[in-house]
Amino acid sequence: MADLKVYPSILEGEVKIPPSKSMAHRAIICAALSDGFCKIENIDYSDDIIATIDAMNSLGAKIVKYKDYIEVTGAYGNSADIEDIRVIDCNESGSTLRFLVPISLLFKGKNKFIGRGNLGKRPLTTYYNIFEKQDITYSYEEGKLNLIVSGELKPGIFEIEGNVSSQFITGILFTLPLLNDDSKIIITTEMESKGYIDLTLRAMSDFGIEVINNDYKEFIIKGNQRYKARNYRVEGDYSQAAFFLCADSLGNNVLCKDLDLNSLQGDKEVIDILERMNVIFNASAIGVKGTTSGQLVSTIIDGSQCPDIIPVLTAVAALTKGKTEIINAGRLRIKEFDRLAAVTSELNKLGAKIVEQEDGLIVTGVEILKGNVEVWSHKDHRIAMTLAIASTKCEEPIVIKDYECIAKSYPNFFDDFVSLGGKIERLEEK
């Protein structure tokens, strides 16, 4: 991968926020499980979204990609015939993997899940426990994604912990309505990442599926339902908007367009958190812009419901007066990389004062960051983009190593960064 030199600059102007990756995953899956033709508009072809498109094609859907939309012919009653084994390549997408494992059991034959990077280290124990209870055949290699699974998921009662990734619950939710009898999911601990479950239930409802949510303690799902084909537009992504909303809090001046202020995305929490830190947001039909009202003030940030925005909020906290505590963020240690360790290491190189805790961070604010150092993305898209936003408050340029990992979620990030006045220099690939 290549390196990027980023010069201190003020970002100013308007940016169209990319479509929500979370909602795009869900809309593609619902459309691909439907009984007809769907058009999904406002699609951004990040690596993760391409992985889900390819995976649903592997299961028998027919998805045709155009510039910013896809046409989908659903796989219901049209599963891909296989003689030996169906290969589902998840690339580095944890969402694709965990959503598709139970969905694949709707289709006859063996399914082999492969991927790259650290995906094989993402735990799948929740599914293995279900497989063993239902006599579903599976095999895997420790530390490497090479999962082979075959069998038929049967309706019934599914007990799942709420403090594991919500991706497991989403995968089961997608699958159970298509089984031939009713099912219930019982959540055995306090539910984390409720916002992501809300997005799943919203997408399923949009495609005609009914689920009863009893206060996130249990979900009742009738069987013999069908996903109904429809056209759909994906809303803007708050997890990507967070980078520019946080840039505003640091003295930049960016209007974020294509955001739904009534969105159920958990990462919309970025607005509430920044408001507690003394940022004022002006929202209109055009977009959302934040301005600081004097000195930023410290707060407590709970990462349990919005883990993806914690890295960039850490950059804001690093420049906030006082001591900011980030709590309940232990799951960031099992993302693409240990994000708590990565953001601590790289921002501290810039002069931040961050101390790791077991499941969070203690951040003592400084007035400005230094620069004139090399920092590493750890090949994690959110760390790379966080460092770019931090560069706007550096005294000197920084070099971001392996910056191209942004393709995982926001391939045009640095194009947007430059359009807003950001100054970069792509260094010769090593």
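The following paragraphs describe the overall architecture of a predicted model and the surroundings of selected residues.

The protein contains 12 helices and 24 strands. Its C-alpha trace extends over about 60 × 45 × 40 Å along the principal axes. The radius of gyration is 22 Å, which agrees with the value near 22 Å that a compact globule of 430 residues would have. Of these 430 residues, 55% count as buried. Among contacts with a separation of 6 or more, 74% join residues that are 24 or more positions apart. The exposed surface of the protein amounts to about 17,100 Å², of which carbon and sulfur atoms supply 46%. The protein carries 49 positive and 62 negative charges, and the mean positions of the two sets are 1 Å apart.

Aromatic side chains form 18 pairs in the structure. The pair formed by tyrosine 138 and tyrosine 140 counts as stacked, because the ring planes stand at 0° with the centres 6.3 Å apart. Both partners are partly exposed: tyrosine 138 has a relative accessibility of 22%, and tyrosine 140 has a relative accessible area of 39%. Elsewhere in the description of aromatic residues, one cluster consists of Phe243, Phe244, Tyr403, Tyr410, Phe413, Phe414 and Phe417.

A member of this cluster, Tyr410, also belongs to the surroundings of proline 18. Proline 18 is located in the loop that links strand S2 (12-16) to helix H1 (21-32). With a relative accessible area of 7%, proline 18 falls under the 20% limit and is therefore buried. Although proline 18 and tyrosine 410 are 392 residues apart along the chain, their C-alpha atoms are separated by 7.3 Å. Beyond its neighbours within four places in sequence, proline 18 is in contact with Asp44, Gly236, Asp237 and Gln240 as well as Tyr410.

Proline 177 likewise occupies a loop, here between helix H5 (166-175) and strand S11 (183-187). Its relative accessible area is 0%, and proline 177 is accordingly classed as buried. When residues up to four places away in sequence are not counted, proline 177 touches Met204, Ile209, Ile221, Lys222, Gly223, Asn224, Gln225 and Tyr227. By contrast, glycine 303 is 126 residues from proline 177 along the chain, and the C-alpha atoms of the two are separated by 31 Å.

Two asparagine residues have a positive phi. For asparagine 42, phi is near 65°, a positive value in a residue other than glycine. Asparagine 42 lies between strand S3 (37-41) and helix H2 (47-58), in the connecting loop, and is buried with a relative accessible area of 9%. For asparagine 328, which is not a glycine either, phi is positive at about 55°. The position of asparagine 328 is in the loop between strand S19 (323-327) and helix H10 (339-349). With a relative accessibility of 35%, asparagine 328 counts as partly exposed, whereas asparagine 42 is buried.

Helix H9, comprising residues 310-317, is mostly covered, with 8 of its 8 residues buried. These buried residues are Ile310, Pro311, Val312, Leu313, Thr314, Ala315, Val316 and Ala317.

Among the strands, S15 (residues 253-257) includes lysine 257. Lysine 257 has a relative accessibility of 29% and so counts as partly exposed. Outside its neighbours within four places in sequence, lysine 257 is in contact with Glu14, Val15, Lys16 and Ile17, and also with Ile286 and Gly287. The C-alpha atoms of lysine 257 and serine 284 are separated by 9.5 Å, the two residues being 27 residues apart along the chain.

Definitions and conventions: Residues numbered from 1 in each chain as written. Predicted model: local features only at pLDDT ≥ 70, side-chain atom pairs only at ≥ 80, totals over all residues. Heavy atoms only, no water. Helix = DSSP H or I, 4+ residues; strand = E, 2+ residues; numbered from the N terminus. Rg over C-alpha atoms; globule rule 2.2 N^0.38 Å. Buried < 20%, exposed > 50% of the residue type's maximum accessible area, 1.4 Å probe, protein only. Contact = heavy atoms within 4.5 Å. Areas by Shrake-Rupley, 256 points an atom, 1.4 Å probe, with all protein chains shown as cover. Lys, Arg positive; Asp, Glu negative; His and termini not counted. Charge placed at Lys NZ, Arg CZ, Asp CG, Glu CD. Phe/Tyr/Trp six-rings, centres within 6.5 Å; stacked < 30°, edge-to-face > 60°.
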